[in-house]
Amino acid sequence: MQTTTTDRMETPRAAGAAGVVFALLLAAAIVLMRYAVPGDAAHAAVDPGRRWAVRTALEIVPFAGIFFLWFMGALRAHTGDAEDRFFATVFLGSGFLFTASVFVAAAAAGTVLQETSPPSDFGRSFAYTVLTTYGMRMAAVFVFATSTIGRRLGVFPRPLALLGYVVGLVLILTGSGVPWSELVFPAWALVISLYILRAGGR
């Protein structure tokens with residue numbers, strides 16, 4: 001089927017809108033989890049008065065994943081036949097693994113709402129490890145692939161591509177060592193999405 005001019009105009013707008021919603025939802029979920037489990041998130045107990053924050057974050061995560069997949073699909077549709085198969089494979093693989101890691105981490109984090117006495121650290125530690133050690137590193141690979149594809153196709157200007165490489169290095173090197181470093185990924189997604197919306201509007 002031949003792609004129409006309207007389709008080419010709407011695709012980047014869809015990617016930008018999905019990316020903005022994903023970035024805001026993921027950032028909100030991370031902030032709520034950090035609020036509920038301050039300090040050493042892998043082992044600290046949840047304040048009973050803050051369990052609502054965990055519950056809300058777990059409700060948000062599935063929607064963040066849905067909008068992230070939409071963001072990926074719209075970006076890939078925008079590249080069309082010009083995509084490089086190698087980077088497209090890395091782009092898709094890292095995106096799917098990131099989404100799966102976030103869902104697994106959220107499911108494990110749900111155990112803090114059903115803690116036994118004495119409380120078990122397994123659920124919190126497992127969720128924290130999956131998100132920060134594996135999920136964020138898959139996010140780093142996704143950022144690298146997206147920045148490279150965008151730069152090669154001339155979609156992203158050089159400063160935006162360089163920002164992506166810096167963000168990817170931060171995510172892949174810091175891991176769980178720097179609290180709140182997970183917010184770098186939704187912040188990058190928000191910047192990229194706003195740029196896509198602005199460029200699509202022109």
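**Reading an all-helix pattern**

Biologist: Which pattern does the chain follow along the sequence?

Modeller: Read from start to end, the chain runs α-α-α-α-α-α. That comes to six helices and zero strands. Helices (H or I, at least four residues) and strands (E, at least two) are DSSP runs, numbered from the N terminus. Please keep in mind that this is a predicted model, where local features need pLDDT of at least 70, side-chain atom pairs count only at pLDDT 80 or more, and totals for chains, interfaces and linings use all residues. Residues are numbered from 1 along each chain as its sequence is written, and side-chain values use heavy atoms, with hydrogens and water left out.

Biologist: How many aromatic pairs are there?

Modeller: Rings of Phe, Tyr and Trp (its six-membered ring) pair if their centres lie within 6.5 Å; planes under 30 degrees apart count as stacked, over 60 as edge-to-face and the rest as tilted. The count here is 16 aromatic pairs. One of them joins Phe68 and Phe98, edge-to-face, with 5.2 Å centre to centre and 65° between the planes. Phe68 lies in helix H2 (residues 51-79) and Phe98 in helix H3 (residues 85-109), so this pair ties together parts that are 30 residues apart in sequence.

Biologist: Are Phe68 and Phe98 buried or exposed?

Modeller: Buried means under 20% relative accessible area, exposed over 50%, and partly exposed in between (1.4 Å probe, protein chains only). Both Phe68 and Phe98 are buried. They also belong to one aromatic cluster with Phe22, Phe71, Phe91, Phe142, Phe185 and Trp188.

Biologist: And Phe67, which residues is it in contact with?

Modeller: Contact means heavy atoms within 4.5 Å. Leaving aside neighbours within four places in sequence, Phe67 touches Ala18, Val21, Phe22 and Leu25. Phe67 sits in helix H2 and counts as partly exposed, at 23% relative accessibility.

Biologist: How many cavities does a search of the whole structure find?

Modeller: Rolling a probe the size of a water molecule over the atoms shows where empty space is left. On a 1 Å grid over the protein atoms alone, a cavity is a set of points where a 1.4 Å probe fits but cannot get out; lining residues have an atom within 4 Å of a point. Grid points are joined across faces, edges and corners, and a volume is the space filled by probe spheres set on the points. The search finds two cavities of 30 Å³ or more. The second largest holds about 40 Å³, and its lining includes Phe22, Phe68 and Phe98. H3 gives the largest share of that lining, four residues.

Notes:
On a 1 Å grid over the protein atoms alone, a cavity is a set of points where a 1.4 Å probe fits but cannot get out, and a pocket is an open set with protein on both sides within 12 Å along at least five of seven lines; lining residues have an atom within 4 Å of a point.
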